[in-house]
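Student: I should like to take a close look at a single part of this protein and see how that part fits into the whole. Please keep the account formal and connected.

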Amino acid sequence: MAISVSAVLLLAIIVVIMIRGGKMKTGPAIVAALFGFFLASSGMAPSIHRFLNSLAQTINGIKL
């Protein structure tokens with residue numbers, strides 16, 4: 001849960017920065033947000049969730 005909330009917050013900040021910087025217009029940003037919303041309710045959501053959890057665990061396991 002903490003990973004998904006922080007990921008959503010990070011991605012929201014990135015989108016806002018891209019819109020304000022002129023790299024992304026508001027229309028495509030809304031379309032991308034809606035795509036993510038509908039993707040989350042699709043049958044692919046569990047697979048994406050497992051992949052992101054695996055990726056987070058891999059990054060967490062890296063010893064510097």
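Student: In which helix is Ile59 found?

Tutor: The model under discussion is a predicted one. Ile59 is found in helix α3, which covers residues 45-60. With a relative accessible area of 54%, Ile59 is exposed, because the cut-off for that class is a value over 50%.

The side chain of Ile59 also takes part in a nonpolar surface patch of about 710 Å². Phe51, Leu52, Leu55, Ile62 and Leu64 make up this patch together with Ile59. A residue enters such a patch with over 30% relative accessible area, and Ile59, at 54%, is exposed.

To place helix α3 in its setting, one may turn to the fold as a whole. The protein has 3 helices and 0 strands, and its elements run α-α-α from the N terminus on. Helix α2 spans residues 26-40 and contains Leu39. Leaving aside residues up to four places away in sequence, Leu39 touches Met44, Ala45 and Ile48. Leu39 is partly exposed, its relative accessible area being 24%; this value lies in between the limits of 20% for buried and 50% for exposed, so the intermediate class applies.

Two aromatic residues deserve attention next. The count of aromatic pairs comes to 1. This pair is formed by Phe37 and Phe38, whose ring centres are 5.4 Å apart and whose planes stand at 75 degrees, so the arrangement is edge-to-face. The assignment follows because planes over 60 degrees apart count as edge-to-face. Both partners can be placed by their accessibility: Phe37 is exposed with a relative accessible area of 57%, and Phe38 is exposed with 54%.

The overall dimensions complete the picture. The radius of gyration of the protein is 14 Å, whereas a compact globule of 64 residues would have one near 11 Å. Along the principal axes, the C-alpha atoms fill a box of roughly 40 × 35 × 15 Å. Of the 64 residues, buried ones make up 3%. The accessible surface comes to about 5600 Å², and 76% of this surface belongs to carbon and sulfur atoms.

To return to the request, Ile59 is thus a residue of helix α3 that is exposed and that helps to make the nonpolar surface patch with Phe51, Leu52, Leu55, Ile62 and Leu64.

How values were computed. Residues numbered from 1 in each chain as written. Predicted model: local features only at pLDDT ≥ 70, side-chain atom pairs only at ≥ 80, totals over all residues. Heavy atoms only, no water. Patch = residues over 30% accessible without salt bridge, like charges linked within 9 Å, V, L, I, M, F, W, Y side chains within 5 Å. Areas by Shrake-Rupley, 256 points an atom, 1.4 Å probe, with all protein chains shown as cover. Salt bridge = Lys/Arg side-chain N within 4 Å of Asp/Glu carboxyl O. Helix = DSSP H or I, 4+ residues; strand = E, 2+ residues; numbered from the N terminus. Buried < 20%, exposed > 50% of the residue type's maximum accessible area, 1.4 Å probe, protein only. Rg over C-alpha atoms; globule rule 2.2 N^0.38 Å. Phe/Tyr/Trp six-rings, centres within 6.5 Å; stacked < 30°, edge-to-face > 60°. Contact = heavy atoms within 4.5 Å.
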